[in-house]
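Biologist: I am new to this structure and would be grateful for a close look at a single part of it. Please choose one helix and explain how it sits among its surroundings.

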Amino acid sequence: MAAIVATPGTIGGKPRIDGHRIGVNHIAIWHEQMGMDIDEIMAEFDLTRDEVQSALDYYAAHRSEIDMIIAEEERIVAQIRSGV
């Protein structure tokens, strides 16, 4: 299995696929909200099946933590869009 790491200073210390700047939250959004399957994510972002599956497994085990990260990022985007 590919490692999921959290490194201070890399994508804000959020859990990510080791060796990439792709967060578990990104994989979760692409898969859960955008409906991309594993093969589509692999092709689009040059990841292995193991890397995508590890991120999805991490998301399943830490759903509340990752959902909070997603909600915070959505809140920030909404603030920026509203000019606040």
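Modeller: In helix H4, the residues Ile-66, Ile-69 and Ile-70 are buried. Around the helix axis they cover an arc of only 95°, which places them on the same side of H4. Please bear in mind that this is a predicted model.

The helix itself comprises the 20 residues 63–82. At 1.5 Å a residue, H4 should span 28 Å, and its end C-alpha atoms are indeed 28 Å apart, so the expected and modelled spans agree. Just after H4, Gly-83 adopts a positive phi of about 80°.

The two faces of the helix may now be considered in turn. Turned away from the buried side is a face that carries the exposed residues Ser-64, Met-68 and Ser-82. The buried residues of H4, by contrast, are covered by elements that include helix H1 (24–33) and helix H3 (49–61).

One residue of the covering helix H1 deserves attention, namely Asn-25. Its relative accessibility is 1%, and because buried means under 20%, Asn-25 counts as buried. Beyond its neighbours within four places in sequence, Asn-25 is in contact with Ile-66, Ile-69 and Ile-70, as well as with Pro-15 and Glu-73. Thus the three isoleucines named at the outset as buried in H4 are among the contacts of Asn-25. As for Glu-73, this residue lies 48 residues from Asn-25 along the chain, while the C-alpha atoms of the two are separated by 9.7 Å.

Key: Residues numbered from 1 in each chain as written. Predicted model: local features only at pLDDT ≥ 70, side-chain atom pairs only at ≥ 80, totals over all residues. Heavy atoms only, no water. Helix = DSSP H or I, 4+ residues; strand = E, 2+ residues; numbered from the N terminus. Expected span 1.5 Å × (residues − 1). Buried < 20%, exposed > 50% of the residue type's maximum accessible area, 1.4 Å probe, protein only. Arc of directions from axis to C-beta. Contact = heavy atoms within 4.5 Å.
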